Every structure is written in C-alpha cells, then in structure tokens.
Amino acid sequence: MDILQKTLDAVVIGGGQAGLASGYYLQEAGLDFTILEAEAQPAGSWPQYYDSLKLFSPARYSSLPGYPFPKAPNEYPLRDEVITYLRQYAEKFKLPIMVNQKVSSFLRV
C-alpha cells in the first residue's frame, strides 16, 4: 500500500530514540520528511518492556537533542518515564510521525 503520495527528502523508519533524534536533525536542516512508526505511539520498543525496567544510564546521559530528560541528573529513568519523555519529545518538536505503519518493504522511485 502506498501511504506516501509525495516526494520527501527522507523517510525515517521507527519512532524510537534514534528515529526521533533523526527527525529533530532533519527538521533543523529544513528537510521534508516523515517518521513511520509500527506502533500506535512514538516510543519504539519501550511499551513492550517489563514495567520495572530502568535505563542503564542516568538521566543526564539519556536526553535526546534539544530537550533535556526531565529527571534529576543522577537518577535512572523508569520505563514509563522514558515512554512519556519520547511522546513529549515528538509533540514538542511537532515531528511528522505516521503511527500504525509497519514497513515490510521500501521502493525508491
């Protein structure tokens, strides 16, 4: 199914940390792009992880570009805090994300 009917400079597959950070820089560069996320929200795999999961690094090292992680610098964010942060990040920068879009193949024309 062709969901993209216009020419874009870039398509990012996945709305987790790397996809959102890529979107930030694409937007900063003034490029026309979209982010395709297979799930119903931009949070990558985080919603599938167990509830008590913590990041392996403290908040001071867990921020995405342009938006500090809203937690004390030496604390380790929990799974739900990461999910909330990723959703807020996408909203803050108004990243063009298409959810529920599982990519099984891609053809550049």
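# Questions about Arg79, Leu86 and Glu37

Visitor: Why does Arg79 count as buried?
Guide: Its relative accessibility is 10%, and the word buried applies to anything under 20%. Arg79 therefore falls on the buried side of that cut-off. Please keep in mind that we are looking at a predicted model.

Visitor: Where does Arg79 lie, and with which residues is it in contact?
Guide: Arg79 lies in helix 2. Setting aside neighbours within four places in sequence, Arg79 is in contact with Trp46, Pro47, Tyr49, Tyr50, Asp51 and Leu53.

Visitor: What makes the meeting of Asp51 and Arg79 a salt bridge?
Guide: Their side chains come to 3.1 Å, N to O. A salt bridge needs a side-chain nitrogen of Lys or Arg within 4 Å of a carboxyl oxygen of Asp or Glu, so this pair qualifies. In general, side chains of opposite charge can pair when their charged atoms come close.

Visitor: Which parts of the chain does the salt bridge between Asp51 and Arg79 link?
Guide: Distant ones: Asp51 belongs to the loop between strand 2 and helix 2, while Arg79 is in helix 2, and the two are 28 residues apart.

Visitor: Is Asp51 buried or exposed?
Guide: Asp51 has a relative accessible area of 59%. Exposed means over 50%, so Asp51 is exposed, whereas Arg79, at 10%, is buried.

Visitor: How do you know that Arg79 forms a salt bridge with Asp80?
Guide: The closest N and O atoms of Arg79 and Asp80 are 2.7 Å apart, and the limit is 4 Å, so the pair is a salt bridge. Asp80 itself has 43% relative accessibility, which counts as partly exposed. Through shared partners, salt bridges join Asp51, Arg79 and Asp80 into one network.

Visitor: How many salt bridges does a search of the whole structure find?
Guide: Four. One of them is formed by Glu75 and Lys71, with the closest N and O atoms 3.1 Å apart.

Visitor: Why does Glu75 count as partly exposed?
Guide: Glu75 is at 38% relative accessibility. Partly exposed covers values between the buried limit of 20% and the exposed limit of 50%, so Glu75 fits there. Its partner Lys71, at 21%, also counts as partly exposed.

Visitor: What makes Leu86 count as buried?
Guide: Leu86 has a relative accessibility of 0%. Buried means under 20%, so Leu86 meets the condition. Its place is in helix 2.

Visitor: Which residues is Leu86 in contact with?
Guide: Leaving aside neighbours within four places in sequence, Leu86 is in contact with Gln17, Leu20, Pro42, Ala43, Trp46 and Leu64. Leu86 and Ser45, in turn, are 41 residues apart in sequence and 11 Å apart in space, C-alpha to C-alpha.

Visitor: Which residues of the largest nonpolar core touch the most other members?
Guide: Of its 24 residues, these are Leu20, Trp46, Leu64, Tyr85, Leu86, Tyr89 and Leu95. Strand 1 (10-13), helix 1 (17-28), strand 2 and helix 2 each supply at least two residues of this core. The largest share, six residues, comes from helix 2. In soluble globular proteins, nonpolar side chains tend to be buried together.

Visitor: How do you know that Glu37 has no salt bridge?
Guide: The nearest side chain of opposite charge, Arg87, is 11 Å away. A salt bridge has to be within 4 Å, so Glu37 has none, although it is buried.

Visitor: Where is Glu37 found?
Guide: Glu37 is found in the loop between strand 2 (33-36) and helix 2 (79-92).

Visitor: Which backbone nitrogen does the side chain of Glu37 reach at 3.0 Å?
Guide: That of Glu39. A polar atom of the Glu37 side chain also lies 2.6 Å from the backbone nitrogen of Gly15. Beyond four places in sequence, the contacts of Glu37 include Gly14, Gly16, Pro42, Ile97 and Asn100.

Visitor: What pattern does the chain follow?
Guide: Read along the sequence, β-α-β-α-β, with two helices and three strands. Of the 109 residues, 37% count as buried. Its C-alpha atoms fill a box of roughly 45 × 30 × 20 Å along the principal axes.

Notes:
Residues numbered from 1 in each chain as written. Predicted model: local features only at pLDDT ≥ 70, side-chain atom pairs only at ≥ 80, totals over all residues. Heavy atoms only, no water. Helix = DSSP H or I, 4+ residues; strand = E, 2+ residues; numbered from the N terminus. Buried < 20%, exposed > 50% of the residue type's maximum accessible area, 1.4 Å probe, protein only. Lys, Arg positive; Asp, Glu negative; His and termini not counted. Polar contact = N/O pair within 3.5 Å; in protein donor to acceptor, adjacent residues only side chain to side chain. Contact = heavy atoms within 4.5 Å. Core = buried A, V, L, I, M, F, W, Y, C linked by side-chain atoms within 4.5 Å.
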